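Visitor: I am new to this structure and would like a close look at a single part. Please start with the strands, and then follow the chain outward from there.

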Amino acid sequence: MDMTNTTSDFILLGLFEHTAAHLLLFVMVLTIAFSSLVGNALMLLLIHWDPQLHTPMYFLLSQLSLMDVLLGATIVPKMSANYLTGKKSISTVGCGLQIFVSLTLGGESFLLAAMCYDRYVAICHPLRYHILMSPLCQRMTLGSWFLGAADGLMQAAATLSFPYCSAHEMDHFFCEAPTLVHLVCTDTSVFENVMYICCVLMLLVPLSLILTSYGLILSSVLQMRSGEARKAFATCSSHLCVVGLFYGAALFTYMRPKSYRLANHNKVVSAFYTVFTPALNPLIYSLRNSKVKGALKRWLGKCAALSHG
């Protein structure tokens, strides 16, 4: 096979065709992406602005919103520009940046585990909550970012170091390591095995911590009175929804056997976790959280008072 220089641009075939139906879908996706940006930015603003939200739980939630903002900002503008201009190329640097950022934000799995531990401490050890969580909160957050960045740097550097075949076309709308590996002209079995092990560590280890924490929470809740139990379950339901959305898409994308990976399925699932899930996260946490709704009302009231003043 012909090989080309690894500095050549890649071609992203994109998510949509230039038809009326796909134009409508593109506008819908862009609207959802904008809603995601606004929703997550608003969550960050409220958590920073309202003193009642200055707790470990909401600090962790602010990091989730920050990850969602960065993910959308890395992928959606380039996808939109390629579709609107008809130019489907992306530079090697841009491709590497998308791989690095998307995998760095894969540290969300550890962040979700930290959020689950936060709920475990709040429900099972409420009197010791601040003593236990205050010193751990920032450490767990930094650990999530560091582990994600280490995985992203390793996979981006390794993926872009391979020689690629003459056709640099990816049937995708952004650079993703599993898709890019299909263009390599040499044997990548060792790298794919290493990548699979990284996915196991990044996904299944936090998942095991999440399941353990919820097992302990359930054991504690079963010993509570019915009113206390309902309140405890209510505080966990939002987190469970987010965990389900994240792990469903991540396991489907990164841990399926290679023979079961179809380009159209990959694109749909990738669109789900890069566009739709980040838009759902602030809705899930705001609609089911009285403190967030209260903070929003106070902020809107202050804005109204300033505008009339």
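Guide: The model shown here is predicted. Its open sheet has three strands, arranged in the order β3-β2-β5, with mixed pairing. The edge strands are β3, residues 89-90, and β5, residues 169-170, and each of them pairs on one side only. Strand β2 covers residues 10-12 and pairs with β3 in the antiparallel sense, over two bridges. In this pairing, Phe10 stands opposite Ile90 of β3.

From edge strand β5 the chain can be followed into the loop between β5 and α6 (177-181), where Asp171 lies. The side chain of Asp171 meets that of Lys267 in a salt bridge, with N and O 2.9 Å apart. Lys267 belongs to helix α9, and the two residues are 96 apart in the chain, so that the pair links distant parts of it. The two partners are covered to unlike degrees: Lys267 counts as buried at 9% relative accessibility, whereas Asp171, at 31%, counts as partly exposed.

A search of the whole structure finds three salt bridges. Another of them joins Arg298 to Asp50, with the closest N and O atoms 2.8 Å apart. This pair also links distant parts of the chain: Arg298 is in helix α10, Asp50 is in the loop between α1 and α2, and 248 residues separate them. Asp50 counts as buried, at 2% relative accessibility, while Arg298 is partly exposed, with a relative accessible area of 35%. There is also a salt bridge between the side chains of Asp118 and Arg119, at 2.8 Å from N to O. Here Asp118 counts as buried at 1% relative accessibility, and Arg119 is buried as well, with a relative accessible area of 9%.

The helices bring us to the nonpolar interior. In soluble globular proteins, nonpolar side chains tend to be buried together. The largest nonpolar core of this model has 61 residues, of which Leu61, Leu112, Met115, Ile210, Ile217 and Tyr247 touch the most other members. At least two residues of this core come from each of α1 (20-49), α2 (56-85), α4 (108-124), α5 (129-160), α7 (189-221), α8 (226-254), α9 (263-287) and α10 (290-308). Helix α2 gives the most, with 11 residues. Leu112 can serve as an example of the contacts: leaving aside residues up to four places away in sequence, Leu112 touches Ile210, His239, Val242, Val243, Phe246 and Tyr247. A second core, separate from the one just described, has 19 residues, including Leu160, Met170, Cys175 and Phe191.

Some nonpolar residues are found at the surface instead. Ile197, Leu201, Val205 and Leu209 make a nonpolar surface patch of about 350 Å². Ile197 has its place in helix α7, and Leu211 is found in that helix too. Leu211 counts as exposed because its relative accessibility is 57%, and the cut-off for exposed is over 50%. The C-alpha atoms of Leu211 and Leu24 are separated by 40 Å, and the two residues are 187 apart along the chain.

Notes. Residues numbered from 1 in each chain as written. Predicted model: local features only at pLDDT ≥ 70, side-chain atom pairs only at ≥ 80, totals over all residues. Heavy atoms only, no water. Core = buried A, V, L, I, M, F, W, Y, C linked by side-chain atoms within 4.5 Å. Buried < 20%, exposed > 50% of the residue type's maximum accessible area, 1.4 Å probe, protein only. Helix = DSSP H or I, 4+ residues; strand = E, 2+ residues; numbered from the N terminus. Contact = heavy atoms within 4.5 Å. Patch = residues over 30% accessible without salt bridge, like charges linked within 9 Å, V, L, I, M, F, W, Y side chains within 5 Å. Areas by Shrake-Rupley, 256 points an atom, 1.4 Å probe, with all protein chains shown as cover. Salt bridge = Lys/Arg side-chain N within 4 Å of Asp/Glu carboxyl O. Pairing = 2+ DSSP bridges.
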